Structures are given as structure tokens and as C-alpha cells.
Amino acid sequence: SVSQIYGIPPLKELAQLPGLKQTHELRWNFGVTLSVCLLAPFGMAALLEGIEGRRERLSVIAGLAGVLAVATVALLVLAATRSDAATLRLITEQRGAILSPSEVMESADDLFTHFHRQVGLLVVGFALAIGALLVRRNLAQAVCAGIFVVTFVDLFGFGYDYNATIERDQLYPETPGIEFLQSDDGIFRVAPVGAWLDPFPGYTANLYGLDTIGGYDHYRNEDYQAFLGPMQAPADDGNYAGPAYVTIGSDRWPLNENLLALLNVKYIATPPQGLASSIVGQPKNDTPLGVYGDVTQGQSFNTEGADVDAFEFLLGTGGGPGPDVPVTIRLTNGSPYGETLYTRTVDGATIRDNKWFRIDVPPEVDTATNNPYYIEISAPDLPQSAPLYVWAWSETVLPDAWRFQSGQIAPGTLTFRALRDPDWWALPVYEGDDLAVYENLLALPRAWGVGEVEVLLTRAAAIERVAEPSFDPAESVVLVEGDPPQDVTSRQAEGIFGADIVRYEPDAIEVRTSFSADGYLVISNQFDGGWKATIDGEDAEIVRADGILQAVPVQAGDHTVKLEFEPAEYVWGQRISIASLVLLLLCIAGFGAYRVRTR
């Protein structure tokens, strides 16, 4: 396990063997835990072998009692802070009444987690060991061995918070969309877009070797969240603190081509609904409004002369597909009484419960010349007992926008989105039942050279600048005043700044540069103090670029730039582990030599 954590040869090469290579990282932690469980009872048994007097016996019992007391207190604290909260949540949110103990235990899976059970087993085991010490020493040794056996079974048992080692395809099956992305052998990242339906549930992308911009636990920090900020909807604020990845483009939030280019995003993956951004809309909803008979629901809105390619409304049917009756959607130029620009009739059975329903605007309708717009949904053949629902927000929240019910202004705002399809730089390259994939024609490589430099006062200003349409990330780099180097100034430089990646690994990069003038080598990795750089074997400086990335100042000419990731905590952890191993071997050798001399 230690060799895996620090990559210590020669054991680290064993992890690349078939079978071990697919072992989940938590299994190595299980190995450590199992070793502790194995050594503890035998260590206790060896300790008991040396106990002769009553005082020593009582001291061991006192030590075990102390461990038992601490573990018991810890278990009680966990139970009080987690179990009671879960019980209260069941009472207040699910049933609305006081539950019996049997009902609580049957319906609350999180009242006693896998961790609680492990701690409880150890507490009970130590209590039995203390009791056995008061009776017979040999019985205590048997109890210690029993602790190991029970803990071993529990550790690898199929219980709470445990994923068995199964074939990857059984949990995250490989789809044609994933195969399409895997067919590109280049170095690139994928941007999963669409929190309404995650195109890569869980860690699917990582399981299939796809590098995404979702981030890992240690790389989705506040700096990274700020960098992605221009592409994140308000609902995504602080979202990185919860799941193991960040989201962009949720609620049809527009993407930024400069930020995607800087992140080496070659492909954008979305659910089959495709990539579109919301020009205007109100995604919140708390009220279902019925559509039936003569009752219609409509919404007017103002997009200030923008082109609209489609509309989306959040519709509900009361469960499953809608009724098999015609549903009419009508587009006019301002109000229920305005000129009808487009009418579409759909089968209600194509509408699913609580799903966004897309209404494409035909090409002959120029929405930019008609402002404001009005959309109305009607279903005259539906009875009041089985209506179609349109979700809405109880407040009127959009300027110059009104909700209409049966042709009359009503309070609130329908849940809707006016959509614009992606710009020219997002080229559709795959459409399937699993994914829709777009190629980013502006994507930058993982490392490239630039000559122009802009210096701003803050990192927030730097991120704001690189997100502007007028900024060209392929030609310029933005530095922040106060970040090293201190003496840099804004400048423009003409020339050729060639950069070819010779070797790329997660913790090591080698690039050959050919600059006709002094410039910067920009690397699309998050800036971190653990990275070290050399130019032609000489130490070089890494600066923070474009708000979050890495850049190395490189002089004109041909050079070899190498970067390696060696954080101080890793280096010192490796040294301490190696030193501990050496000391352990010396102790074993010394003890062996002592035994030989005393024979």
C-alpha cells in the first residue's frame, strides 16, 4: 500500500500487472486496515505472554479500558450527531408522525453506517478482551483472534458503503459515444455539459480513460471554481464542495470558448438533447398549472431582438407519458392576440412527466425581428380531471414578461427557456441515444507558446479578461501584478512561438520550444507550487497564467522545457516512509544478531 501511495520501486511496477491495475484505490486502504486488524490480536497475545504479576496485568487491563472508553465516547458522539438527525429527518420530512423503533430501523439505512458498525465491533471486541483477561489469559488470546476474524468478515462483507469488484461494463457500460471519444489518440480534455442529465454519471469518464474538466477532490478548489465561474449557472455556486466533480453549462448556461480553449477541451459531451444555451428563461418552479379544455397557459418575454432557435418548457403529465391527444403550441409576436408566427401540434403521448419539452422554431421565422414573443400551450381535448401540467414560478421575476392564463394576465412566470444553438466553433461530430458530442474548433493543445503579455491587478480581473471575446488565448497570456516575476510589463511581440510536446504524463511534461522572440510557454494545468521546471537542465520559474494555469518564461531559440510534480508533502512522506522501513529492517537485523549471540 505504501509503495502504491508513493510510487516506490520496485513494488510499484507490480501494480501495473493485470488484475492489480484495475484494483480500486480504496482496496489499498483496505489492505492497510486489514494489516492492522491482523497485527493487533497477535501483538496483544504476545504482550499477554509476558505478563506475570498482578500489577502488570492490571496495567494492561487499564490500557484496554482506556481504549474502550475513548472508542465508546467516539461512537456515542457519532450516533448523537448522525443518527438523531436522520431520525428527525424521517419524522419531519417523510412520515410527519412519530415512528416506532422498528419502523425507524427498517426505513433509515443511514442510522448505522458501515463505519459505525466497524467501530462498534471493535468496541465490543475490546470489552470482551478485558472481561477475558479477568478470567483466563488463554481465553483472552482466543477473544483477540475472534476480533480479527469478525473484523475481517465485516471489512470485506457486502454491507453499507461497499462496492464489490465487478466488471466495469456491469456498472458503467461502454456506449458508442464513449467509443467515439476513445478513438481519438490525442491529448485532450472533454467538457461534460448539462447538469439536468449528467452525460457521464459518477466517474464513468475516468473509468474509460477520458480526461474531463470536472476535476477531482483535490483539484476542484475555489481557484478552479472561480475560473469556471463564467460558464456556471447561479445554481452551481458552491457545488464543487458537494459532489466529486464540478458542473458547467447547467440550466442551459452559455459556455465560453476562450475558457474551453485554455482548458484543452477538444470535445463537449452532452445528453442526447444536444448543446444549446439559454438566452432568457426562468428555470425555477414551484407551481404546476393545468392545461385542459378552454384553459391555456402562455408566457410573453423579451429577448431584445436576439435570434431564438428553440423554446423549452418544463411539462408534467402526472406520471409517465402524456395522454394520447393533440397538444398545440402557438408562437405569436407579443400577446395572445398578436400575429401568429408559428403553430405546432404534437401528440401528448410524446410528452414525459416533468421533462423539458423542446419546441424548435422553423427557419422561416425570424425571431430577431419580432420582439417581444408569446408562446401558448393548449390541449382542448383534455378533461379537467386529467390535465397536462406546465410548471411555473409563483412570482413574476422577468422584466417585460407576463404570464397569461386563458388569454388573461396572471401572476407568476412559466418555467421556460429560449434557446440558441451552439456557435460555429462547436461542430456536431456525434449524435446517438447516449450522447451528443461537439468538437471545439478553437481548442488549444495541452502546451503552447505566446509572445504577447497583459498584466492586470487581480486574479479576478485576469479571469474576466480571458473570458472576453476580444481576448485571443492563442496569442496572449495574462499575468497578475504581484505574482512572480515582479518586473514583468505588458508587451506585444511578433514572431513564431512553436511548442511540441515530447512527453506527457500526469506528473511529468517535456516540451521542445522554438521561439523567434522571448515569450512564454503556457501549460494547460492548474498552477500548483509542487511543480518544478527546468530549461535545458537549468532551474526555471513557473508563473501563474490566465488566472489559474502554468506558464514558463522562455527565451528565443530552441530549448527543452521539463516540468515535474514533486510537492513537499509527497517528498517528505516518501523520505519518512523509507527511513521508517530502513529503521525497521535495522531493528529486525539487530534483534536477529542479538538472538544469535545469546544462544
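Start by selecting Phe-301, Phe-311, Phe-313, Tyr-373 and Phe-416: together they make one aromatic cluster. Rings of Phe, Tyr and Trp (its six-membered ring) count as a pair if their centres lie within 6.5 Å, and planes under 30 degrees apart are called stacked, over 60 edge-to-face, and the rest tilted. By this rule there are 10 aromatic pairs.

Before you move on, keep in mind that this is a predicted model, where local features need pLDDT of at least 70, side-chain atom pairs count only at pLDDT 80 or more, and totals for chains, interfaces and linings use all residues. Residues are numbered from 1 along each chain as its sequence is written, and side-chain values use heavy atoms, with hydrogens and water left out.

**Stop two: a pair of rings at right angles**

Now pick Tyr-374 and Phe-404. Their ring centres are 5.4 Å apart and the planes meet at 90°, so this pair is edge-to-face. Tyr-374 sits in strand β10 (residues 373–378) and Phe-404 in strand β12 (residues 403–405), so the pair ties together parts 30 residues apart in sequence. Helices (H or I, at least four residues) and strands (E, at least two) are DSSP runs, numbered from the N terminus. Are these two residues buried or exposed? Both Tyr-374 and Phe-404 are buried. Buried means under 20% relative accessible area, exposed means over 50%, and partly exposed is in between (1.4 Å probe, protein chains only).

**Stop three: a charge over a ring**

Select Arg-417 and Trp-356 next. Arg-417 lies over the face of Trp-356, at 3.5 Å from the ring centre. To count, NZ of Lys or CZ of Arg has to be within 6 Å of the ring centre and within 35 degrees of the ring normal. You can find another case at Trp-572, where Arg-575 lies over the face at 4.8 Å from the ring centre.

**Stop four: two strands side by side**

Show β15 (residues 416–420) together with β3, and you'll see them pair in the antiparallel sense over 5 bridges. Strands pair if DSSP finds at least two bridges between them. For one contact to look at, take Ser-278, whose bridge partner in β15 is Leu-419. Strand β3 (residues 277–282) is mostly covered, with 5 of its 6 residues buried.

**Stop five: salt bridges**

The whole structure holds 12 salt bridges. Each one is a side-chain nitrogen of Lys or Arg within 4 Å of a carboxyl oxygen of Asp or Glu.

Try Asp-184 and Lys-266, which meet at 2.6 Å, N to O. They come from distant parts of the chain, 82 residues apart: Asp-184 is in the loop between α9 (176–182) and β1 (189–192), while Lys-266 is in strand β2 (residues 265–270). Asp-184 is buried at 17% relative accessible area, whereas Lys-266 is partly exposed at 24%.

Then go to Asp-211 and Arg-446, a salt bridge of 3.3 Å, N to O. Asp-211 is in the loop between α10 (204–207) and α11 (222–228), and Arg-446 is in the loop between β17 (436–440) and β18 (447–450), 235 residues apart. How accessible is Arg-446? Arg-446 has 2% relative accessibility and counts as buried, while Asp-211, at 29%, is partly exposed.

For a last selection, add Arg-189 to Asp-211 and Arg-446: salt bridges that share partners join these residues into one network.
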